[in-house]
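Q: I am new to this structure and would like a close look at a single part of it. Could you walk me through it step by step?

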Amino acid sequence: MPDTGYIAILVAVSAAITWALRAVPFAVLAPMRHSAVVRYLSLHMPLGVMVMLALYTVRDVPAAAGRQQLWAIIAVLVTAGLQLWRRHALLSIFVGTGIYVALMSLW
Amino acid sequence: MSVLRLAAPIGLAFLPLGMALGFLVVHAGLAWWWAPVFAAVIYAGSLEFLMVGLAAAGAPVATVALTTLIVNSRHVFYALSFPLHRVRSVPGKTYSTYVLSDEAFAVGVSPAARTWTSGQILAMQAGLHLTWTVSAAAGALLGAALPIERLQGLEFALTALFIVLAIDAYSQHPDPLTALLAVACAVAAGLLAPGQMLVWAFAAFTALLFARLLAERRGA
């Protein structure tokens, strides 16, 4: 386990970058709010980033045991299916995670 | 009153999600108080969930910096419509940008908030910030008291979170090609550069978006 000072540095770095990403664009980007390129990126970036992050979090699954792969596929389908059906983010997240934890812990 | 009415449902959603973050912090072997520190200082939900793994593994500073850049790049576009011009004073604007989360943005640009004063916008943001921090602390304390180390697969909460956010983003702007390009970039980066998957996927995706924009302009 890394020591407290090191984790504090990681927290400070990510907080500083997050703040810069939130604050600097008000000076730099706001004057460009009618720019077609900025609008195009703001339309397509959110979906792309979320898809890539979702895949990033399951990057170890292809190398995992066959049973764990099956549990992951089931949990992904349940989460996505619930979200498409009910549009209730918390419900989808908790039911999907609950099923995965139950399958992983019991089998 | 309208501040509370708009922000309360989000605060309610923060409670279980913040507690889940606290659970994960303890589950990863970190001290419980890192949960409220992550929540209050970083205050960027999905990044905090990723940070649990990165901090527990003692990831290099550069990896954490790049991951933050990629995960929070979407915040760049919030400047296009968030009403920061209505927030008065430099400390007010400083705090407002520091805690400009996805949820604060969504409330701030909603039609109901169009008449809000500086104080109302800041109260909404501070309320969400505080609720998130307290929820994370409560989850971590609860997790420290329970035998949760026997639970496996808690980290799937992060996967589920991104699946939900991706589906929501898709329904706001349904574009199958964008989704397909993102899948292709992530899979290719995962195969070719497994250690730096996120960075390469993001770089390739951004390049492809620009290429597509150029192609669409030529075609038009």
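Which domains does the domain assignment give for chain A? And which helix gives the largest share of the side of chain B that touches chain A?

A: Happy to help! This is a predicted model, in which local features need pLDDT of at least 70 and side-chain atom pairs count only at pLDDT 80 or more, while totals for chains, interfaces and linings use all residues. Residues are numbered from 1 along each chain as its sequence is written, with chains lettered from A and ligands numbered from 1 in the order in which they are written.

Let us start with chain A. Its assignment, which is automatic or from a database, gives domain 1 (1-44) and domain 2 (58-107). Taken over C-alpha atoms, the centres of these two domains of chain A are 30 Å apart. Helix H2 of chain A covers residues 36-57 (helices are DSSP runs of H or I, at least four residues, numbered from the N terminus). With 22 residues at 1.5 Å a residue, H2(A) should span 32 Å (1.5 Å times one less than its number of residues), and its end C-alpha atoms agree, being 32 Å apart. H2(A) does bend, by about 35 degrees at A:Met45 (the angle between axes fitted to the seven residues ending there and the seven starting there). A proline, A:Pro46, follows within four residues.

Now for the meeting of the chains. Here 59 residues of chain A are in contact with 70 residues of chain B (C-beta atoms, placed from the backbone, within 7 Å). H8(B) gives the largest share of chain B's side, 14 residues.

So what packs against H8(B)? Helix H4 of chain A (residues 89-106) does, at about 145 degrees and with the axes 9 Å apart (axes are lines fitted to C-alpha atoms over the stretch in contact, and angles run from 0 to 180 degrees between N-to-C directions). The crossing is right-handed (the near helix is turned clockwise from the far one by less than a right angle). Among the residues that meet there are A:Gly96 and A:Tyr100 of H4(A), and B:Ala160 and B:Leu161 of H8(B).

H8(B) also has a partner within chain B. Its axis and that of H3(B) come within 10 Å and cross at roughly 150 degrees, and the two helices are therefore roughly antiparallel (angles over 145 degrees). This crossing is left-handed. B:Leu161 appears here too, with B:Leu158 and B:Phe162, meeting B:Ser46, B:Phe49 and B:Leu50 of H3(B).

Key
Contact = placed C-beta atoms within 7 Å. Parallel < 35°, antiparallel > 145°, perpendicular 65-115°, else oblique.
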